[in-house]
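Please read the report below alongside the sequence and the model. It moves from single residues to strands, and then to the spaces inside and at the surface.

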Amino acid sequence: MSADTLTARVLCWRLDRRDGVTIGLTGHDRDLWIDGLRYRAAPGLTPSAILRGDGLEAELMEASGALTSAAIAEADLLAGRWDGARVTAIAVDWSGEAAPVPLGVGEIGGVELGEGGFTAELRGIATALDRPVAEETSPDCRASLGDRRCRVAMAGRRPMCRVTAWDGGRELTLDATEPVDNAYGQGRLIWFGGANAGLEAIIVRSEGNRVSLSVAPAFAVEGTVLVELVEGCDKRLDTCLSRFGNVANFRGEPFLPGIDLLTRYPGA
C-alpha cells in the first residue's frame, strides 16, 4: 500500500465543564499531548457526521461512546456535571507534521443513556440564533437577582455554611439561619464538598436553618459538607420594593393588561 493512501489524521475532543474540569479524548489508539493537554485514547467514542454550512442553520453533531472511561462516568452524566460543557472538535495529525484543524465548537445538550453506552447531542454556536430576540411582557421581573439588569449587590447575599443533617430526600438542615423569611427561596445551593461538589440545585423554600431543594442531591450527603447559599427572589414588584428597594430596575410590567385581564375583574 502506498503512503499517499494512508492518513495520520485522528479526531480529538476537548471538553471544558462549567466547574473548570477539562479533559481531552481521541479516537487514536494511544494518548496524544496537544497544547499541554493530554488527550486520552477512547476508541469507543464515535462521532456522527458534523453538519456545517455557510447559512444560519444550527450546526449539529452527535457523539456516542461506551461508559467505560473514568473521565465520563454514568453517575456524572446523570448528575448533570456535563450539561452545558463546551466541546471543541479538532482533526489532529498524530505524526506531528501538520497543524490541528478545527472542526467545530459547541456545547453538550441532551444526553441519552442506552445499554452500556451514551449518546450526547453537541449544539453548535449557531443554535443561539434560535432563541427569541425580544422579550415578552410579564407581570413578574425577568431579571435574575444580582445580574447586570437587576444590579442588586450580592455581597453578603452568598453566605457559606455547612450541612448538618439530610433527610435522605430534598430537605437539608444547615448551621446558619436565614436573614429574612424565605430568603433563599428561588435561589441556589452550590455544593463545595462531598460527592456533590461542583453541582448546584434550585432552592424551593427556606425556613430558619432548613432549605428544601427542587430535586434531591445526586449523591448521598455525608458529614458536614460545605455549601454556598445564593439568595433568591420571587420576582414580584412588592418584594422588589420592600426587600431590595430596587424598583427602578424592576424588569416587569405588573400593571399592563394581559390575557388574564378578565380574571382580574372584581368578583371574577
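Asn 196 counts as buried, because its relative accessibility is 3%, which is under the 20% that sets the limit for burial. This and every other value here comes from a predicted model. Asn 196 is placed in the loop between β12 and β13, and a polar atom of its side chain lies 3.4 Å from the backbone nitrogen of Ala 218. Leaving aside residues up to four places away in sequence, Asn 196 touches Arg 81, Trp 191, Pro 217, Ala 218, Phe 219, Ala 220 and Val 221, so that Ala 218 appears both in this set of contacts and as the partner in the polar contact.

The chain as a whole

The chain has 268 residues, of which 36% count as buried, and its secondary structure comes to two helices and 15 strands. Among the contacts between residues at least 6 apart in sequence, 55% join residues that are at least 24 apart.

Strands β1, β2 and β7

Strand β1, residues 9-16, pairs with strand β7, residues 86-93, in the antiparallel sense over eight bridges, and within this pairing Leu 11 has Ala 91 of β7 as its bridge partner. Strand β1 also pairs with β2, again in the antiparallel sense, over five bridges, and here Asp 16 has Thr 22 of β2 as its bridge partner. β1 and β2 form a hairpin with five residues between them, and Gly 20, which lies in the turn, has a positive phi of about 100°.

Thr 26 belongs to strand β2, which covers residues 22-26. Is Thr 26 buried or exposed? Thr 26 counts as buried, because its relative accessibility is 0%. The side chain of Thr 26 reaches the backbone oxygen of Leu 11 at 3.2 Å. Thr 26 and Ala 42 are 16 residues apart in sequence, while their C-alpha atoms are 5.6 Å apart in space.

Strand β15 and its neighbours

Strand β15, residues 226-230, has four of its five residues buried, and it is therefore largely enclosed by the rest of the structure. Two antiparallel pairings of β15, one with β10 and one with β12, are set out in the table, each with one pair of residues that face each other across the two strands.

| Strand paired with β15 | Bridges | One residue pair |
|---|---|---|
| β10 (residues 160-166) | three | Cys 161 and Val 227 |
| β12 (residues 188-191) | four | Leu 189 and Leu 229 |

The loop between β11 and β12

Most residues other than glycine have a negative phi. Two residues of the loop between β11 and β12 have a positive value instead: Asn 182, with a phi near 55°, and Gln 186, with a phi near 70°. Asn 182 lies in the loop that joins β11, residues 171-174, to β12, and Gln 186 has its place in that loop as well. With a relative accessible area of 22%, Asn 182 is partly exposed, since the range for that class runs from 20% to 50%.

Pocket and cavities

The largest pocket holds about 360 Å³ of space. Which residues lie nearest the centre of the largest pocket? They are Ala 79, Gly 80, Gly 198, Leu 199 and Glu 200, out of 18 residues that line the pocket. Strands β12 and β13, the latter covering residues 200-207, each supply at least two residues of this lining. By class, the lining of the largest pocket has 10 nonpolar, three polar and five charged residues.

A search of the whole structure also finds three cavities of 30 Å³ or more. The second largest cavity holds about 110 Å³ of space, and 13 residues line it, with Cys 141, Leu 145, Cys 150, Cys 233 and Cys 240 closest to its centre. The lining of the second largest cavity divides into nine nonpolar residues, three polar residues and one charged residue.

How values were computed. Residues numbered from 1 in each chain as written. Predicted model: local features only at pLDDT ≥ 70, side-chain atom pairs only at ≥ 80, totals over all residues. Heavy atoms only, no water. Buried < 20%, exposed > 50% of the residue type's maximum accessible area, 1.4 Å probe, protein only. Pairing = 2+ DSSP bridges. Polar contact = N/O pair within 3.5 Å; in protein donor to acceptor, adjacent residues only side chain to side chain. 1 Å grid on protein atoms, 1.4 Å probe; cavity = no way out; pocket = protein on both sides within 12 Å on 5 of 7 lines; lining within 4 Å. Points joined across faces, edges and corners; volume = space filled by probe spheres on them. Nonpolar A, V, L, I, M, F, W, Y, C, P; charged D, E, K, R; others polar. Contact = heavy atoms within 4.5 Å.
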